[in-house]
Amino acid sequence: MTRPLAGLLVNGLLLGGAMTTVLPLIWMVSVSLMSPGEASTFPPPLLPVRATLANYRELFAHVGMGRYLLNSAALAVSVTLVSLSFNVAAGYAFAKLRFAGRDRIFKVLVGALMIPAQVAMVPLYLLLKHLGLVNTYGGVIVPAMASIFGIFLVRQYTLSVPDELIEAARIDGANEFRIFRSVIVPVLRPIVVTLAMFTALGTWNDFMWPLIVLNDSELYTLPVALASLSREHVQDNELMMASAVLTTLPVLVVFLVLQRHYVEGITVGSVTG
Amino acid sequence: MRTIGPAWCFVAPALLVIAAFFFLPVLAALALSLTDFDIYALADFRNLRLVGFRNYVQLLQTPLFWQAVGNTLYFVVVGVPLSIAVSFGAALLLHSRLVKFPAFFRTALFAPVVTTLVAVAVIWRYLFHPHYGWLNYALGRVGIPPIDWLGDPHWAMPAIIVFAVWKNFGYNMIILLAGLQSIPDQLYEAARIDGASRWRQLRHVTLPLLVPIVTMVSILTIAGYFQLFAEPYVMTQGGPLQSTLSVLYFMYEEGFKWWNLGSASAVAFVLFLFIFCVTAVPRWLARRESAA
């Protein structure tokens with residue numbers, strides 16, 4: 001094959017792929033701006049005849065979307081803040097501090113990565129019910145306060161930090177907590193940003209556990225609310241698309257701004273050590 | 001490094017959370033699966049009885065459970081190879097030196113991975129719509145009669161597989177792309193000097209070097225695809241005629257709709273066993289690879 005022809009083929013295939021991934025998302029935004037019933041015609045319209053925000057107004061005024069947005073944001077922020085402090089501290093210790101049984105515990109943790117979270121769900125539900133956390137924000141936050149994956153990610157990254165950096169601080173007389181705060185955390189910044197993003201997006205997008213543990217619609221996160229709405233409003237394409245926009249646009253924007261960190265996290269996390 | 005007490009202050013909070021809210025429930029699930037824990041036991045623990053393996057025996061005699069197993073295997077056996085093939089193809093294209101806007105294409109192809117599953121499932125429900133969906137419109141243009149994608153038991157699972165591949169392939173694409181980029185140029189150069197064609201370079205240089213990464217990607221993807229739940233929950237509610245009911249969906253209904261928590265725990269363990277057995281071969285390969 002000649003070079004220009006091969007170039008055309010490669011770029012043409014990529015363009016086709018990119019259209020397949022992106023057009024449904026753009027179409028979602030377009031339909032969300034249509035008036036009720038407009039999308040249910042043949043052939044399916046690409047653009048609204050006259051763009052309107054009526055669906056969004058309806059969602060906030062009558063469907064309680066503001067509440068769901070707030071729930072999702074509150075949960076994503078609190079899970080991220082708490083789990084970040086726990087995971088970063090533990091990941092650092094597993095990489096750089098010495099304590100009895102360290103390597104054996106780490107091995108058990110990595111082995112447990114194979115166990116799907118759903119195996120724990122039924123007893124976890126009973127445990128949280130016992131603690132009075134079912135049907136509260138706590139039911140989502142408490143089990144997510146630490147994660148094996150997070151510890152693993154931080155440990156892998158911390159291994160590359162030179163020991164001399166820590167030794168030098170120790171010789172200067174800094175105690176372990178000070179070293180962590182003023183020497184380690186600044187060096188770990190890139191992986192902290194990555195893990196924060198993973199955790200926040202993961203919490204925002206999570207579906208099965210919030211569906212199980214949150215029964216009161218006042219507490220629903222966006223995905224749970226959207227799943228329940230889409231069962232009631234099967235015919236309201238435009239309204240459902242507006243809800244889908246509100247649910248997924250925030251994560252897409254965060255991703256576009258910080259995508260370098262996200263992509264790095266995938267490659268660090270996939271190098272098992 | 002030396003022995004330091006404060007180390008425990010760093011690991012204890014995380015380890016306590018993981019022990020209490022993951023390891024303890026996993027062990028409890030095993031115990032629970034040997035009991036008849038149901039809605040009566042939920043009200044009063046004294047109604048709880050040990051029943052040995054009765055939950056497992058009963059499951060094996062439940063046709064609906066076998067259907068869920070069959071559907072999930074269908075999803076895994078077709079979905080995983082398709083998903084990895086698409087990821088690999090996309091990674092190869094992105095790795096080509098002829099790409100005009102690599103960063104743009106990478107971001108665009110990866111975008112579905114970060115979207116909210118429930119939200120994009122809602123979009124695809126409309127793309128699959130028998131009358132107003134884009135898919136049938138496009139097929140109609142080339143003369144193919146409309147298909148009731150999510151309403152026909154033969155097409156519902158293929159439709160969900162198409163959707164799952166669209167949503168997930170970008171993740172493995174990034175990992176495989178990193179693998180491609182880590183292969184030194186000298187190897188290709190040496191192959192070229194030996195007169196190897198592009199195709200033979202791919203077969204004899206690229207593929208063998210990617211085996212460890214592909215193995216790891218397969219393990220993760222198989223484990224992930226076995227956990228099918230939200231897609232059928234949103235798009236088909238397990239139907240039509242239970243054709244998209246997955247093992248996890250079955251567990252969810254058994255546990256949190258009918259409150260047969262003992263039986264649901266047994267389902268969870270069977271699912272774990274499936275994942276464990278199916279990934280045994282690639283895990284064995286991966287261990288052999290890292291030992292060599």
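**Group meeting: a two-chain helical model**

Let's start with one residue in chain B. B:Trp259 has 17 C-beta neighbours inside 10 Å, and that makes it partly exposed, because you need 20 or more to be called buried and 12 or fewer to be called exposed. Before I go on, keep in mind that this is a predicted model.

So what else about B:Trp259? Its phi is positive, about 60°, although the residue is not a glycine. As for where to find it, look in the loop between H12 and helix H13 (261-278) of chain B.

Now step back to the loop that precedes H12 in chain B. Here we have B:Gln242, which lies between H11 and H12. This residue is not a glycine either, and its phi is positive at about 60°. Buried or exposed, or somewhere in between, for B:Gln242? It comes out partly exposed, with 19 other C-beta atoms within 10 Å. The buried label starts at 20, so that count falls in the in-between class.

Stay in that loop for a moment. Which residues does the cis peptide bond join? Those are B:Gly239 and B:Pro240, and omega there is about -15°. B:Pro240 is in the loop between helix H11 (230-235) and helix H12 (247-256) of chain B. If you're setting up torsion plots, those are the backbone spots I wanted to show you in chain B.

Okay, over to chain A. How many helices and strands does chain A have? We get 13 helices and zero strands, so reading from the N terminus you just go α after α. The radius of gyration is 23 Å, and the globule rule gives 19 Å for 273 residues, so chain A is more spread out than a compact globule. Along the principal axes, the C-alpha atoms fill a box of roughly 75 × 65 × 35 Å.

On burial, 42% of the 273 residues in chain A are buried. And for contacts with a separation of 6 or more, 78% are between residues 24 or more positions apart.

One helix to zoom in on is H12 of chain A, residues 222-232. Eight of its 11 residues are buried, so call it mostly covered. The buried set includes A:Leu222, A:Pro223, A:Val224 and A:Ala225 at the start of the list, and A:Leu229 and A:Ser230 are buried as well.

Next, a helix pair. Helix H3 (residues 65-96) and helix H7 (residues 148-158) of chain A pack at an angle of about 45°, with their axes 7 Å apart. That angle makes H3(A) oblique to H7(A). Left-handed or right-handed, the crossing of H3(A) and H7(A)? It's right-handed. On the H3(A) side, the contact residues include A:Ser83, A:Asn87, A:Gly91 and A:Tyr92; on the H7(A) side, among them are A:Ile151, A:Leu153 and A:Arg155. By class, the contact divides into eight nonpolar, five polar and two charged residues.

Last stop, the interface. There, 70 residues of chain A are in contact with 73 residues of chain B. Which helix gives the largest share of the chain A side? That's H1 of chain A, residues 3-32, with 14 residues. The chain A side that touches chain B has 50 nonpolar, 18 polar and two charged residues.

That's my tour, and I'm happy to pull any of it up on the screen.

Methods:
Residues numbered from 1 in each chain as written. Chains lettered and ligands numbered in written order. Predicted model: local features only at pLDDT ≥ 70, side-chain atom pairs only at ≥ 80, totals over all residues. Contact = placed C-beta atoms within 7 Å. Helix = DSSP H or I, 4+ residues; strand = E, 2+ residues; numbered from the N terminus. Nonpolar A, V, L, I, M, F, W, Y, C, P; charged D, E, K, R; others polar. Axes fitted to C-alpha atoms, helices over the stretch in contact; angles between N-to-C directions. Parallel < 35°, antiparallel > 145°, perpendicular 65-115°, else oblique. Left-handed = near helix turned anticlockwise from the far one by under 90°. Rg over C-alpha atoms; globule rule 2.2 N^0.38 Å.
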